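Work through the exercises below with the sequence and the structure in view. Try each task before reading its solution.

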Amino acid sequence: QRVLASTLFLTVHGFYTASDDVMELSPSNFNKQVLQSDSMWLVEFYAPWCGHCQRLTPDWKKAATALKGIVKLGAVDADQHKSLAGQYGISGFPTIKIFGANKNKPEDYQGGRTSQAIVEGTMTALRSLVKDRLSGWTGGSGHKSGTGSKKDVVELTDDNFDKLVLNGHEVWMVEFFAPWCGHCKKLEPEWTAAAIAVKEQTKGKVKLGAVDATVHQGLARRYGIRGFPTIKIFSKGEEPKDYDGGRTRPDIVAQAIELFSANVPPPEVLEIINQDVFKRTCDDYQLCIVAILPHILDTGASGRNGYLEVMRKMADKYKKKTWGWLWAEAGSQAELESSLGIGGFGYPAMAAINVRKMKFSLLKGSFSETGIHEFLRDLSVGRGSTAPVRGGILPTIHTVEAWDGKDGQLPIEEDIDVSDVELDDLEKDEL
C-alpha cells in the first residue's frame with residue numbers, strides 16, 4: 001500500500017513545466033512576480049494528490065496560452081508551500097484567486113473550470129479592472145498595489161518602545177536595522193510590503209515595527225543586538241524571541257498569521273436556540289460544524305458536558321480555521337436533521353456545512369477527539385466526501401429554550417385511581 005501511494009504521488013507531482021504558459025509560484029518568487037506586478041494574475045492553489053486539480057490542469061494550461069500577454073496564470077503547490085497557501089486561507093483544492101486592482105485583497109474566482117469559462121471569467125474581471133482604473137480607483141491605499149506603505153511599519157524609538165511594544169496588547173515583530181546595512185536595505189521592501197498585509201489579515205492584532213539601532217543604541221543593547229538586521233518577536237507576558245524564518249514577504253506574513261492564530265481565543269461552541277444564532281454563525285464562517293447531541297434524558301448533564309468538552313477541544317485545535325461551532329439536542333431541530341440526512345437515530349452526530357455552496361459532509365467515525373480530528377483533517381485538505389443540503393436552502397430553525405446545564409427531568413405522570421376497579425370483572429374478560 002505504501003509503495004502504491006508513493007507511486008501515485010510521484011506520477012501526479014509537478015503539474016506544470018517550463019514549457020507551459022503557467023508559472024509555478026513559490027514563496028521565493030510570489031512577491032516579485034504577483035504582488036509587485038502591474039499585471040492581473042489568476043493563481044491556482046493545488047495539491048498533487050487532488051483529483052479535481054489533476055482534471056483542471058489541461059484547461060488551466062490552455063487558458064494560460066489563450067490569455068498570454070493579457071493576463072498571467074500561475075500555480076502554487078499548496079502541499080509543498082503550506083505557508084503561502086495559509087497566508088490566503090486555502091482550505092480546499094483547487095482554489096483559484098484573482099489578484100487584480102488590490103493585490104493585498106485577492107478575490108475568489110467563482111466561474112467554471114473549463115478553459116473557455118476561465119477565459120471568459122478572466123476577461124470579465126479584466127474589464128472591471130480597466131473600468132476602475134479609468135475612474136481613478138487606486139485600491140484604497142494610494143500606493144502601488146502590493147508594495148505596502150511605510151506608515152504601516154511603526155517607527156519605534158527610545159520614547160515609544162515600552163508604551164507600544166511592552167505595554168500594548170498586540171504581538172509585535174520588530175526589526176533592528178542599521179541604515180548602512182546592505183541586508184537591511186534588501187529586507188526593507190519585503191518588510192514594508194508585509195506590514196500592510198499583516199495589518200489587514202490580523203485586524204491589527206500583529207504589528208510590524210522597526211528600530212534604527214544606530215540611533216537608539218539603548219534599545220539595541222537591551223536586547224543584545226549584535227548584527228543587522230535582527231528581528232525579534234514580542235508577545236505580552238513572554239520573553240522576546242528571535243525570528244529565524246525567511247525574509248520574504250510571504251514568510252513574514254505567514255509568521256505573523258501564526259502568531260495571530262496562537263493568541264486568538266478559540267471560537268465559542270453555541271447552542272442552536274433560534275434562527276439568528278444558526279444563520280449568523282453559518283453566514284460568518286467558511287464552514288459551520290454542527291453537532292446533534294443525544295436527548296438530555298439519555299445522557300444526563302455529565303454525558304452532555306463530556307460531548308461539549310470534546311467539541312471545545314476540537315474548536316481550540318482548529319481555531320486557525322474560519323469555522324463556526326454549533327450544537328442542538330436531538331429532536332429539537334428536526335428540519336435541520338432531515339436536511340443533513342441525520343434524523344432519528346445515531347446520536348451524537350456531526351456535520352460540516354458550507355452555506356455558500358449548500359453542501360455538507362457527515363462524520364462517519366466516532367464522536368471522539370480522534371474521530372473528529374480525522375474528519376476535520378480530511379475536510380481541511382479537501383478529501384472529505386460531500387452531499388448537497390436537502391432542498392438546497394437552509395432549513396427552518398425553531399426557537400427553543402437554552403439548556404440550563406442540569407440533568408433532565410422525566411415528565412410527571414398523573415396518579416391513576418384504581419379503587420373503583422372490580423377485580424372480579426377483570427377475571428371475566430376474555431383475552
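**Exercise 1. The surface and the interior**

Task: State about how much area the chain exposes and what share of it carbon and sulfur atoms supply. Then find what percentage of the residues count as buried.

Solution. The model is a predicted one. Step one: the exposed area of the chain is about 23,600 Å². Carbon and sulfur atoms supply 51% of that area. Step two: the chain has 431 residues, and 44% of them count as buried. Step three concerns contacts within the chain. Taking contacts between residues at least 6 apart in sequence, 77% join residues at least 24 apart.

**Exercise 2. A five-stranded sheet**

Task: Give the strand order of the open sheet of five strands, and explain which strands stand at its edges.

Solution. Step one: the chain has 14 helices and 16 strands. Five strands make up an open sheet with mixed pairing, in the order S1-S3-S2-S4-S5. Step two: S1 (23-25) and S5 (107-108) each have a single partner strand, so one side of each lacks a neighbour in the sheet, and these two are the edge strands. Step three: look at how S1 is held. S1 runs parallel to S3 (residues 72-77), and three bridges join them. In this pairing Met23 is opposite Gly74 of S3. Step four: add the helix. H3 (residues 51-66) lies across S2 (41-46), S3 and S4 (95-99), and runs at about 160° to S2.

**Exercise 3. A covered strand**

Task: Decide how many residues of strand S9 are buried, and sort them by the way they point.

Solution. Step one: S9 covers residues 230-234, and five of its five residues are buried. Step two: Thr230, Lys232 and Phe234 point one way, while Ile231 and Ile233 point the other way. In a regular strand, side chains alternate between the two faces of the sheet. Step three: identify the partners of S9. Strand S7 (residues 171-177) runs antiparallel to S9 and is joined to it by five bridges; here Phe176 is opposite Thr230. Strand S10 (residues 241-242) also pairs with S9 in the antiparallel sense, over two bridges. Step four: S9 and S10 form a hairpin with six residues between them. Within the turn, Gly237 has a positive phi of about 80°.

**Exercise 4. Three salt bridges**

Task: For three of the salt bridges, find which residues pair and whether each partner is buried or partly exposed.

Solution. The count for the model comes to 14 salt bridges. Three of them are treated here.

Step one: Lys199 pairs with Asp152, and their closest N and O atoms are 3.5 Å apart. Lys199 belongs to helix H7 (residues 182-201), and Asp152 to the loop between helix H5 (115-134) and strand S6 (153-156); the two residues are 47 apart, so the pair links distant parts of the chain. Lys199 has 48% relative accessibility and counts as partly exposed. Asp152, with a relative accessible area of 12%, is buried, the cut-off being under 20%.

Step two: Asp162 pairs with Arg222, with the closest N and O atoms 2.9 Å apart. This pair also links distant parts of the chain: Asp162 is in helix H6 (residues 161-166) and Arg222 in helix H8 (residues 217-222), 60 residues apart. Asp162 is partly exposed at 31%, and Arg222 is partly exposed at 44%.

Step three: Asp242 pairs with Lys232, the closest N and O atoms being 2.5 Å apart. Asp242 is in S10 and Lys232 in S9, so this salt bridge ties together parts that are ten residues apart in sequence. The two residues also stand opposite each other in the strand pairing. Asp242 is partly exposed, with a relative accessible area of 46%. Lys232 is buried, with a value of 10%.

**Exercise 5. One face of a helix**

Task: Name the buried residues of helix H10, and explain where they lie around the helix axis.

Solution. Step one: H10 spans residues 275-284, and its buried residues are Val277, Phe278, Thr281 and Cys282. Step two: seen down the axis of H10, these residues fall within an arc of 105°, so they line one face of the helix. Step three: find what they pack against. The partners are strands S11 (269-271), S12 (287-293), S13 (323-329) and S14 (349-354), together with helix H12 (334-339).

Terms used
Residues numbered from 1 in each chain as written. Predicted model: local features only at pLDDT ≥ 70, side-chain atom pairs only at ≥ 80, totals over all residues. Heavy atoms only, no water. Helix = DSSP H or I, 4+ residues; strand = E, 2+ residues; numbered from the N terminus. Buried < 20%, exposed > 50% of the residue type's maximum accessible area, 1.4 Å probe, protein only. Contact = heavy atoms within 4.5 Å. Areas by Shrake-Rupley, 256 points an atom, 1.4 Å probe, with all protein chains shown as cover. Pairing = 2+ DSSP bridges. Axes fitted to C-alpha atoms, helices over the stretch in contact; angles between N-to-C directions. Salt bridge = Lys/Arg side-chain N within 4 Å of Asp/Glu carboxyl O. Arc of directions from axis to C-beta.
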